[in-house]
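Open the structure in your viewer and keep the selection panel at hand. Here is a short tour, one stop at a time.

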Amino acid sequence: MEDLKSIIRNIPDFPKKGILFKDITTLLGDAKSFQRMVDLLSHRYVGQKIDKVVGVEARGFIIGAALAYKLGAGIVLVRKPGKLPSKTFKKTYDLEYGTDTLEIHTDAFNKGDRVLIADDLLATGGTMAAVVDMINSMDVELVECCFMAELEFLEGAKRLPEGKVFSLLKF
C-alpha cells in the first residue's frame, strides 16, 4: 500500500491556507497504479453479489464505475441538484459553513438490491453520511462504504455505520 500512497501528491495550502490537499489525480493518471488500486478494492467484494455500486459526484464516479465493471454490477450516480434527468430523491445536509444537496434517481434500485457506495476520499464524512441516509431510505441493503483513501485524523468514519466502512489507503 505504501507504493500507492507515495504516488498521491500533497498540495500545500489548497484549496485554502493551512490545508494539505491529497491530489489523487497522480494515482489515477498512472495506469499500473490505477489498475492495482481498482483490483485491490474490487477483490474485497468479489463473490458478495453486489447489484449496484453508487458513485458519489464527482471523483466517486471514477472509482464507482471501475468497481461496478469489475464486479459485474450496475452503476448509480449521486449528483448535485438538477443534473439527473428523471424523478429524484433529494437530501440536504449540513456543511461546516452552510448546507449542500445531493440527488439520486428514485428508480435507481430494485427492492432488496445489495449496494456498495464508492468514493475517492473519506474526510469529515458529511457527504457520505447524507448518501448513506438516502440509500437506507430506498429499501436496499447497504453492503459497505468504500474509499480509495481516508484521512483518519478527520474521523469521518465515525459518522458512518459501524462496520460498514473500508478504506484502501489511510493517511
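The stops below go from a pair of helices to a covered helix, then to the cysteines and a pair of rings. Keep in mind that this is a predicted model.

**Stop 1: two packed helices**

Select residues 31-43, which form helix α3, and residues 59-71, which form helix α4. The two pack at an angle of about 60°. Their axes are 10 Å apart. Turn the view until one helix lies over the other: α3 passes α4 in a right-handed crossing.

Now show the side chains at the contact. From α3, pick Phe34, Met37, Val38, Asp39, Leu41 and Ser42. From α4, pick Ile62, Ile63, Ala66, Leu67, Lys70 and Leu71. Colour them by class. The contact has 9 nonpolar residues, 1 polar and 2 charged.

**Stop 2: a covered helix**

Next, select residues 126-136, helix α5. How many of its residues are buried? The count is 8 of 11, and the helix is mostly covered. To see them, highlight Gly126, Met128, Ala129, Ala130, Val131, Val132, Met134 and Ile135.

What covers these buried residues? Strands are part of the cover. Add β3 (52-56), β4 (74-78) and β5 (88-95) to the view; each is included in what covers the buried residues of α5. Then add β6 (98-105), β7 (114-122) and β8 (141-150), which are also included.

**Stop 3: two cysteines**

Stay with β8, residues 141-150. Select cysteine 145 and cysteine 146, and display their sulfur atoms. How far is the sulfur of cysteine 145 from the closest cysteine sulfur? The distance is 8.2 Å, and that closest sulfur belongs to cysteine 146. Because a disulfide needs sulfur atoms within 2.5 Å, the gap is too far for a bond. Looking from cysteine 146, the closest cysteine sulfur is in cysteine 145. The disulfide count is 0.

Switch on a surface. Are these cysteines buried or exposed? Cysteine 145 is buried, at a relative accessible area of 0%. Cysteine 146 is buried as well, with a value of 0%.

**Stop 4: a pair of rings**

Last, select phenylalanine 14 and phenylalanine 21. The structure holds 1 aromatic pair, and these two residues form it. Their ring centres are 5.1 Å apart. The planes stand at 80° to each other, which makes the pair edge-to-face.

Keep the surface on. Phenylalanine 14 is partly exposed, at 42% relative accessibility. Phenylalanine 21 is partly exposed too, with a relative accessible area of 22%.

Terms used. Residues numbered from 1 in each chain as written. Predicted model: local features only at pLDDT ≥ 70, side-chain atom pairs only at ≥ 80, totals over all residues. Heavy atoms only, no water. Axes fitted to C-alpha atoms, helices over the stretch in contact; angles between N-to-C directions. Helix = DSSP H or I, 4+ residues; strand = E, 2+ residues; numbered from the N terminus. Left-handed = near helix turned anticlockwise from the far one by under 90°. Contact = heavy atoms within 4.5 Å. Nonpolar A, V, L, I, M, F, W, Y, C, P; charged D, E, K, R; others polar. Buried < 20%, exposed > 50% of the residue type's maximum accessible area, 1.4 Å probe, protein only. Phe/Tyr/Trp six-rings, centres within 6.5 Å; stacked < 30°, edge-to-face > 60°.
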